[in-house]
Amino acid sequence: MKPNANERKPVSEIYYPSERILKDAHIKDYDKLYKESIADPVGFWEREAENLDWFKRWDIGLDDSNKPFYQWFAGGKINIIHNAIDRHLKNWRRNKLALIWEGEPGDIRTYSYFELNRGVCKFANVLKSMGVKKGDIVTIYMPQIPELAISMLACAKIGAVHSVVYGGFSVEALAERIQDAHSRVLVTADGGWRRGKIKDLKGIVNEAIKRSPTIEVCITVKRTGHDVYMENDRDFWYHDLMGLPIASPVCDTEVMDAEDILFILYTSGTTGRPKGVVHTHGGYAVYTATTHKYVFDIKDEDRWWCAADPGWITGHSYIIYGPLINASTIIMYEGAPNHPYPSRWWNMIEKYGVTILYTSPTAIRGLMRFGDQWAKRHDLSCLRLLGSVGEPLNPEAWRWYYNVIGKAACPIMDTWWQTETGGFVITPLPVTPLKPGSVFKPFLGNQIAVVDENGKEVPKGEEGFLVIKTPWPGMARTIHRDPDRYVELYWKKFEKNGWYKTGDSARIDEDGYIWVIARVDEVIKVSGYRLGTAEIESALVSHPSVAEAAAIALPHEVKGNAIHAYVILRSGITGNKELVDILKEHVAHEMGSIARPEAIEFVDSLPKTRSGKIMRRVIKARALGIDEGDLTTLDE
Ligand code: WT7
């Protein structure tokens, strides 16, 4: 079957949960609970917060005295690590598996909560010995290995802030993020495995450090063992440090204010510079734990596999923090889904008895392309629930996931959220009837709307801007070192209503089901990865042969969208096939291979407004051969 990511027409079929799901669900009546939750959202979240361990109870559930800089559980004292690890050590869960990890070459490591804690304490002490203190930002650039989780958790334990940079990013992207964070300490690995090849992370790190004068210490995990350059007094091997007496397995968990920063995570936006989205210890802990528990009906016997990379928010919230707070057993896999054969994932599910799989539409469509026979070779009856995130899951891929992987017995939780929301905002629950392609309705406590330019709700079935009307504990608190941009990007447009602008368009059908359509800003989603057109364009323009560039997203079968770039060359330079390849490679080198354009076309001019803004909407309409819409602002 050929996947069609662009099948977007709403479908009428409805899927109901089975007895097995209904019987065990944490939440049985969404409608009733939802109504109660939005009658008093702060009260709802305060009750959920009571499921966590606080060093001191909060004074105010929601402090909204300085909008839009909301504070949740103000005055409360907590540490997310105390909830994700420490408290589990006091009961039988100290022996429960926290992490089952498999490397791409097939090596396996497991950690009980007891062992995870030992690793985290030891590395926390290593960080302290390197002078890392509460509030310092540590940059982490790693493949998907247990030490990535340990490094993040160790930072949080001592009150340091982590900034994880996705291991697929290039020198430029890494350097830019280190510089914005002013990090003094960097944690990395020599490399990682991807499709049977070594990805040389330390080589990239060494280049990035040359451009990042704040870095004084670089700690490297030996993963692949290939030759890497290590500089005296700056570079240390992780295993050497972990073998020293300073790496004691005993370490106190720092007492944090609920609103102290837990991490920053860079994401792409409307301007060239990536934004460091800020999340905190208290609200984020409550939000990730609550959403994870209810949306995926988490039970002690579950084996939870979120097949994202910890380098993205999905990994932060639903590989690491939410699941650990809920004392889940986490599955983590280092490599590519189809390496060395297309059933690698299905094999993992059978082998480890995975009960819940949470992945992306791109991965689903990519695996669907290989045909049903690969999944049929494995016993997937251990699965109970499925999930999806990152971009719209088209009905055709939904049905394949449901029937071929879930054997028509596992509801699919198509969760809508963002780096900025911290956790699920719009999502089904296991008990709610599902429509393939719809993300259902808001999670408990949340209120959303689909509105026009002026903030007026659009009629049922019509497309509009998706907004979130009320604050929620997992919301981003600001953009690192740029609070004005935070206000400008998310709160300005619907300022008079006080609503959060998501940047997405959506429609709500006659049953109240929400259908997310696409981004309406200059963000492109490629394989679920978020890229800014401005970042791609500035990467292109940084090449000496390029004068000007515009990047747009065009539909793609598997990736959902693919990048198409239109380039004006400098005078005297002729465009040919060779230059296309050079420029594609250049973008991949500058940003990372996820940003490599699908196609590059040389043009003589680009449609612009009279004020000189590139009209990407017009380029896109022309490429698709559809109506160009309103052209009144187009410069002649
Ligand atoms: C954007 C946020 C949240 C983790 C992964 C992405 C799109 C996300 C869905 C979904 C349709 C979705 C939106 C959103 N998106 N989930 N279930 N259906 N679109 O986080 O990189 O911050 O991207 O991803 O466009 O705004 P992100």
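Biologist: Where does Arg 195 lie, between which two strands?
Modeller: In this predicted model, Arg 195 belongs to a loop. The elements on either side of that loop are strand S9 (192-194) and strand S10 (197-199).

Biologist: What is the value of phi of Arg 195, a residue other than glycine?
Modeller: Arg 195, in the loop between S9 and S10, is not a glycine, yet its phi is positive. The value of that angle is near 50°.

Biologist: Is the peptide bond from Lys 67 to Pro 68 cis or trans, and what is its omega?
Modeller: Pro 68 sits in the loop between strand S1 (60-63) and strand S2 (71-74). The bond that leads into Pro 68 from Lys 67 is cis, and its omega is near 0°.

Biologist: In which loop is Pro 340 found?
Modeller: Pro 340 also follows a cis peptide bond, the one from His 339, with omega near -5°. The loop that holds Pro 340 runs between strand S17 (329-333) and helix H12 (344-352).

Biologist: How are H3 and H10 oriented to each other, roughly parallel or roughly perpendicular?
Modeller: The axes of helix H3 (residues 41-49) and helix H10 (residues 281-295) come within 10 Å of each other and cross at roughly 85°. Angles from 65 to 115 degrees are classed together, and the crossing of H3 and H10 is therefore roughly perpendicular.

Biologist: Which residues of H3 and H10 make the contact?
Modeller: The residues in the contact of H3 with H10 divide into 5 nonpolar, 1 polar and 1 charged. From H10 come Val 286, Tyr 287, Thr 290 and Tyr 294, while H3 contributes Trp 45, Glu 48 and Ala 49.

Biologist: Which residues surrounding the ligand are the closest?
Modeller: The shell around the ligand contains 7 nonpolar, 5 polar and 6 charged residues, and at least two of its residues come from each of helix H11 (313-325) and strand S24 (514-519). Of the 18 residues that surround the ligand, the closest are Asp 414, Thr 415, Thr 419, Arg 519 and Arg 530.

Biologist: How much of the accessible area that the ligand has on its own does the protein cover?
Modeller: Among the polar pairs, a ligand nitrogen is 2.7 Å from a side-chain N or O atom of Asp 414, and a ligand oxygen lies 2.6 Å from a polar side-chain atom of Thr 419. A polar side-chain atom of Arg 530 likewise lies 2.6 Å from an oxygen of the ligand. On its own the ligand has 550 Å² of accessible area, and the share that the protein covers is 95%.

Biologist: Which residues is Lys 525 in contact with, leaving aside its neighbours within four places in sequence?
Modeller: Lys 525 lies in strand S25 (residues 523-526), and a polar atom of its side chain is 2.9 Å from the backbone oxygen of Gly 528. Gly 528 falls within the four places in sequence that are left aside, and the contacts of Lys 525 beyond them are Gly 390, Arg 519, Arg 530, Lys 559 and Asn 561.

Conventions: Residues are numbered from 1 along each chain as its sequence is written. This is a predicted model: local features need pLDDT of at least 70, side-chain atom pairs count only at pLDDT 80 or more; totals for chains, interfaces and linings use all residues. Side-chain values use heavy atoms; hydrogens and water are left out. A residue is near a molecule or strand if one of its heavy atoms lies within 4 Å of it. A polar contact is a pair of N or O atoms within 3.5 Å; within protein, one must be able to donate a hydrogen and the other to accept it, and residues adjacent in sequence count only if both atoms are side-chain atoms. Accessible areas come from the Shrake-Rupley method with a 1.4 Å probe; for residues, only the protein chains shown count as cover. Helices (H or I, at least four residues) and strands (E, at least two) are DSSP runs, numbered from the N terminus. Ala, Val, Leu, Ile, Met, Phe, Trp, Tyr, Cys and Pro count as nonpolar, Asp, Glu, Lys and Arg as charged, and the others, Gly among them, as polar. Axes are lines fitted to C-alpha atoms, for helices over the stretch in contact, and angles run from 0 to 180 degrees between N-to-C directions. Angles under 35 degrees count as roughly parallel, over 145 as roughly antiparallel, 65 to 115 as roughly perpendicular and the rest as oblique. Contact means heavy atoms within 4.5 Å.
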